[in-house]
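Take a look at the two-chain model below. Then read on for a short tour of its folds, contacts and charged pairs.

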Amino acid sequence: MFPQFGATAESLSKASTMVFRIGTDAHLYDDPEDVSIAPLLDSRFDSEKREALKRLLALIAQGFDVSNFFPQVVKNVASQSLEVKKLVYLYLLHYAEKRPNEALLSINCFQKDLSDPNPLVRAWALRAMAGIRLHVVAPIVLVAVGKCARDPSVYVRKCAANALPKLHDLHQEENTSALEEIVNMLLNDHSPGVVGAAAAAFNYICPNNLSLLSRNFKRLCETLPDIEEWGQIILIGILLRYVVAKYGLAKESIMTSSYCTQSSGPEKHGGDFHDEALKDSGDIQGINIEGGADLPKLITLLSRCYTEGPDEYLSHSTCTSVSGNELDRASLTSSKDNDDVRIFLQCTSPLLWSHNSAVVLAASGVHWIMAPKEDIKRIVKPLLFVLRSSPDSKYVVLCNIQVFAKAMPSLFAPYAEDFFINSSDSYQIKSLKFEILSTIATDSSISVIFQEFQDYIKDPDRRFVADTVAAIGLCAQRIRTVANNCLEGLLSLVRQESLVCDSTLLDGEAGVLAQAIMSVKAIIKQDPENHEKVIIQLIRSLDSIKVPAARAMIIWIVGEYNSLGQIIPRMLPTVLMYLARCFTSEALETKHQILSTAVKVMLFAQGEELLTFREVLSYVLDLAKYDPDYDVRDRARIFKKLLAGHMASQGPMEGIPSQPQNTDLRTALAEHIFGGKTKSTLSTSNNYRFYLPGSLSQIVLHAAPGYEPLPKPGSVVYDDSCRDMDTALAGGRTTNSDSSGTNDPDTLSGSLNEESTSNYSSGHSVASSAESEYSGSASEVDEPASSLIQFSEVGISYSKPNESAEGNGSTSISDELGGLMSKRALESWLDEQPGFSECPPSKQGVVLPSSARISIRDIGNRVKPKTYALLDPANGNGLRVDYLFSSEISSISPMHICVETSFKNCSTEILTKICFTDENQSSESSNQALETDESLSTSYDVPTVVPMEEITSLVPGQTTRRILQVRFHHHLLPVKLAIWCSDKKYSVKLRPEMGFFMKPLPMDVEAFKSKESQLPGMFEYIRSCTFTDHIEELNCEKDPSSLMKDKFLVVCQSLASRMLSHANLFLVSVDMPVAVNHDDVSGLCLRFSGEILSNSIPCLITITVEGRCSEPLKIFAKMNCEETMFGLNMLNRVIAFLS
Amino acid sequence: MGEADQETLYATICREVMLEKQLTGHKVDRSICAWFWEQSISQGEFVKLPPVIASPTHYLFQIVREGITFLACTQVEMPPLMGIEFLSRVADVLSDYLGGLNEDLIKDNFVIVYELLDEMIDNGFPLTTELNILREMIAPPNFVNKVLSVVTGNTSNVSNTLPGATASCVPWRTADLKHASNEVYVDLVEEIDAIISRDGALVKCDVYGEVQVNSSLSGLPDLTLSFANPSVLNDARFHPCVRFRPWESHQILSFVPPDGQFKLMTYRIKKLKNTPIYVKPQLSSDAGTCRITVLVGIRNDPGKTIDSLMVHFQLPPCVTSADLTSNHGTVNILANKTCSWSIGRIPKDKAPSMSGTLVLEAGLERLHTFPTFKVDFKIMGVALSGLQIDKLDIKNLPNRPYKGFRALTQAGEYEVRS
């Protein structure tokens, strides 16, 4: 009527909500897209950027995909505002995997942040960088983590520890040893906060490398209380595994009690002692362990499940139980005499007071497994206290208490009232409490518990009442003394319920009644003779009970106990006739029971009643034969056949000539089937699957992925020397030296830097013109080799006195002389350095070694780029295509690499029309994800393969060469090409060789050094490997006179040719050690320079050598490159082809 | 919303996912939430799902706080309590930051929630969960901030510096705190859990208590708190700042407090002999109706007034209608058959009583199931367990601080069966 009024009211209400939500981000969440986000992201103002990011976050929160903003968001990673940074990180991590290319753009920014003075910025950068889960960045992250692990700030170190699992995720195997090294270092950290995070990393990366802990086990135990709660949970678990792995289970603990009591062998004495201890603990608590025979079995089962995992154990429990015992006893320890175990228990016991319930449970688990039996009770109160903390942890704790209570009921017996049920408990909690209550009930507490149960029976929740009734049944079975009381109660309940059910047929009520009868049945089963009256009562109530399940059970009871006592047999005819009469109106399950009861009664009947029973049975069988249910019909038919003998004897008049034997057999079978009295079984412990306390698997009752039982005792080698800190540290290094050498550049960087700088600073001056004359290009191979070695004049810049003194020997030698110098001359020249030859090579780092610079002339013809097969004649219909990377530079674009391909016709026919095409266009999308930033920076589109001049024909045996210019999308990934030949297409993959993504960058040593000094820190990476190529060459050397000299040269040559064959580089200089004895080449240093084709970023490689000529050499390759991704990958490549 | 090891956190309410945070590389699809809701619907409205659920693809941990479900999932073995505890911690921190927990509050402050979560968990492992430190890293939303942000448009709620506490040897406390007035308040807050059986006997009566400290002290003070009668304590749990040794040997709480409000200790005292009040329900049914009377009164005068007294109960399902009146306070019957009788303060002169008739379902002669009555009350100024604080010593403080003590007892799970 008044639309304008309505509008006002609406806007008013809007306005009023605005007032309340003023200044919050509500409007952003409610309507994130009401303004255009893109311009805001590009804004100059932080506040606008922030708003845009918040809008994006709101969209993420609501489940929208906003990854299309990625490039714009990533740009903002460089923002100075911390909040913008944080928001960008949140966004970035959400989408990094989806948009790997753009994510890579942010890496350099993170690298910058990693050296920020603010620890918070460093930590965030590390977290975000590690969170970008891209394989290509993993090497950089590894370096960053290594650095941050040494950061002065505790928070950054903690984040470094947290980053380790992320890294491990990326690189499963490659770097595990490097990661373990860092984990180890962080575990040794003096700050508890870091240790906690390191424990989590340990658990993720190398949970089974328990020997890492042996060195600082004690210290870890002692810091345990100071570590933050989450770390405690993890560390407790790790330490427990360690202790078990090293020493085995404690012989005083409950886990091993059953082995000891069973033992009669060598540990007889100990066995007796523990047997007594068990009895004592039982007696002291005044507990009647009914069914006590089961307990040791259960405990054995429990401890076996803990150590072997239930699945393994249960599958072979039958065959190994005996030998297993022996084995386990051999690896027992003592929680009293063993220091480590004692300290561990001591340090975990205060954690039982933690306010974090997970810590309490973890500590309880330790005591449960390792503590002496008499001390286990200290876990009880803390566990019960946790029940009060929150309903959710209550559930988990109860699940665990249930297991403890099953194995050791005496532990919880005095605390029955803690398991009384509150109306606010959830159904799961209620049923757990019931189970625990019925396990821990004792003679003394049962009366209180029953009173409690009586209260529950009146609860409106009928499902709960049914459970109560079941619990009563269980208690009565366990504690016989109260069985009669229980029965009475249950029977009155049955009477009452049958009345109620009469009037209102509620589902719940039926359940209660059925459950009540079930409990009664279970109690009767234990001692049928004394419960005759109960059975009679039940039979009498048959008329009033209408619930089919309950009726069926009573009818079963009739059949089962048909010959019990005096009265029941006399009632039988009446009962049976009553049942036969109402057969047709019964429910299915009741019909089944009536059938089998009739059969049972008939089989065991004697005398004159037999006839009646037979009549009833055949009447029932006849009815059943026409029953609508096929199951009933089938049963009737089977019974009829089976009982043919009995039925037959009813009337021999009918004259069926049945074979007597056959009849006997049938009778026996029938009697066997129906006559076998069921044995009374305790159905309490139907769950035999136990998992470690506090584990997820224990709650869900199956082994969750990643669940591991306790380790095998003795799987950690006990090594006393490890306890000594100093030797252990050294030992740890040496055992890991291989891995640390190759995989952890950081641990070595210190010493290596020192060494390499000492080499560089020995201040030799400009390389000679002769050196630059050699351009390093492979095209100059035809130039005659003038000399093997040429000395450039060395070090005339006497800026530092000691250097000049060291270099004095070489200054006199000029280029030309060097060129003419014979091998012998070199040798004598080397020998002329008496002062230095005495220096032991190990002191290299301390005493600056001198070196001579040489240039290798003939290296060009030693350079043989490797040839790869592209197409096999077998697959190519006789066409063989090989390729090698040429050092030529593509004339088309810097993106292209020249590949020299050779085509050979191996067939007998002429091949025609051979050419290459790009197969990539079709699969562009798949490759797109792998493109690097190189391709991103190219705005113009370049073809993958520059069309090659077609080879029109190739006669058999002919070989043709072509230069192919290929653009690789990624320096690690192959490019897909198609070769067309005689109109057939062959798909091939051209694998890139990283080394040829560069072109030689001629420079002199000075330029090299200054460039190098501009690329420190994150742009510098070092790796090492061993080099063995030269040994072979040395062995081939025949001429004994040249032996001395050539060793050095051979090493230089083989190294240089190796490098130049695999990478298009410029050999800047070769520094040869002079201060060495004849065999030691330590200090040999080769420098290479190159420039990345695509972006002209220089790339400097320095190779230093350590070791003796005749042995495998240790090579350190150092890479300085601004393009970190390329640099690292290139370095890996260098290492790969050198080693 | 979060997990340790390999998790995804979701906060969901009423089948709508409000927030999602992926913690590790293994992305978890949102459809897991749909599965969860389907599951909880199929179980019926009043049946709660267990806190740990094995779904076909993941293991789920869930807690419900104020109607908001916090859901975390993992695919690998991890301590389930760790997940649950962490979720509870998230809920606690959020409710502290936002001053409560509800859908609107979370939506209004979703950026802060995201920032908080990012600080609280890293790659599925909890990072910073100490509330006091989080407060320094990310400013809680308060009115001043809000107004400022409206006016200037550029305040940031992310701190630019790392809290000093992360580096100190007491990670829960900033190194150089300065307060104009040095004060410390110690509150004993106790909850009585009691069960009174159908025949009026006291089945169990425990006290669950907390020692809450609100400290605003400068520098690095060292506090010692001792009880006059520590022997009554049945069990205790402590804030991480409490040193274990002194407690083990002398039952003395020695600690360097965090700044602000925190829970120093929780304790339990079992088997109290009597309760402060009595609640006597009587139900007698005949011929399809049931006569109900509930009497409430003081049993043992605690010496202080008993306040905010409430009696709740759920009418049995077989009751079709009810007519209840009381001589004091008000009676409300909600649609889901929940009755609440709010009495407020117990009058001095008369004993409050409520009476009325319940009409049973047709065909039902008498009531055979009986409700449980839940009682709420509050008593200011007294700790019913009898635990007494002996003294609080403060070392390392230049001037004498103001020390305040308070006590409060309230009903916890206080149930009377009928």
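This report goes from chain A to the interface, then to salt bridges and cysteines.

This is a predicted model, in which local features need pLDDT of at least 70, side-chain atom pairs count only at pLDDT 80 or more, and totals for chains, interfaces and linings use all residues. Residues are numbered from 1 along each chain as its sequence is written, chains are lettered from A and ligands numbered from 1 in the order in which they are written, and side-chain values use heavy atoms, with hydrogens and water left out.

## Chain A

Chain A has 52 helices and 16 strands. Both are DSSP runs numbered from the N terminus: helices are H or I with at least four residues, strands are E with at least two. Of its 1139 residues, 58% are buried. Buried means under 20% relative accessible area, exposed means over 50%, and partly exposed lies in between (1.4 Å probe, protein chains only). A contact means heavy atoms within 4.5 Å. Among contacts in chain A between residues at least 6 apart in sequence, 71% join residues at least 24 apart.

A:Glu900 gives one example. This residue sits in strand β5 (residues 896–905) of chain A. A:Glu900 is partly exposed, at 23% relative accessibility. Its C-alpha atom is 6.9 Å from that of A:Arg961, although 61 residues separate the two along the chain. Beyond neighbours within four places in sequence, the contacts of A:Glu900 include A:Tyr883, A:Leu884 and A:Arg961.

## Where the chains meet

How many residues does each chain bring to the contact? Chain A gives 107 and chain B gives 108. The two chains bury about 9,200 Å² between them, with 56% of it on carbon and sulfur atoms. Buried area is the accessible area (1.4 Å probe) that two parts lose on being put together, summed over both. On the chain A side, A:Trp230, A:Trp353 and A:Phe385 lose the most area to chain B, together 10% of what that side buries.

## Salt bridges

A salt bridge is a side-chain nitrogen of Lys or Arg within 4 Å of a carboxyl oxygen of Asp or Glu. The structure holds 34 over all chains. Between chain A and chain B the count is 13. Here are some of the pairs.

| Residue | Partner | Closest N and O atoms |
|---|---|---|
| A:Asp455 | B:Arg417 | 3.2 Å |
| B:Arg268 | A:Asp418 | 3.0 Å |
| A:Asp425 | A:Lys433 | 2.8 Å |
| B:Arg406 | B:Asp187 | 2.8 Å |

B:Arg268 lies in strand β13 (residues 260–269) of chain B, and A:Asp418 lies in the loop between α24 (409–412) and α25 (427–440) of chain A, so this pair joins two chains. Both B:Arg268 and A:Asp418 are buried. A:Asp425 and A:Lys433 are buried too.

B:Arg406 is in strand β23 (residues 402–417) and B:Asp187 in strand β8 (residues 183–196), both of chain B, so the pair ties together parts 219 residues apart in sequence. B:Arg406 is exposed, at 57% relative accessible area, whereas B:Asp187 is buried, at 13%. Salt bridges that share partners also link A:Lys86, A:Arg127, B:Asp118 and B:Glu119 into one network.

## Cysteines

How many disulfides does the structure hold? The count is zero over all chains. A disulfide is a pair of cysteine sulfur atoms within 2.5 Å. The sulfur of A:Cys159 is 8.5 Å from the closest cysteine sulfur, in A:Cys148, so the gap is too far for a bond. B:Cys290 is in no disulfide either, as the nearest cysteine sulfur, in B:Cys318, is 8.8 Å away. A:Cys159 is buried, with a relative accessible area of 1%. B:Cys290 is also buried, with a relative accessible area of 1%.
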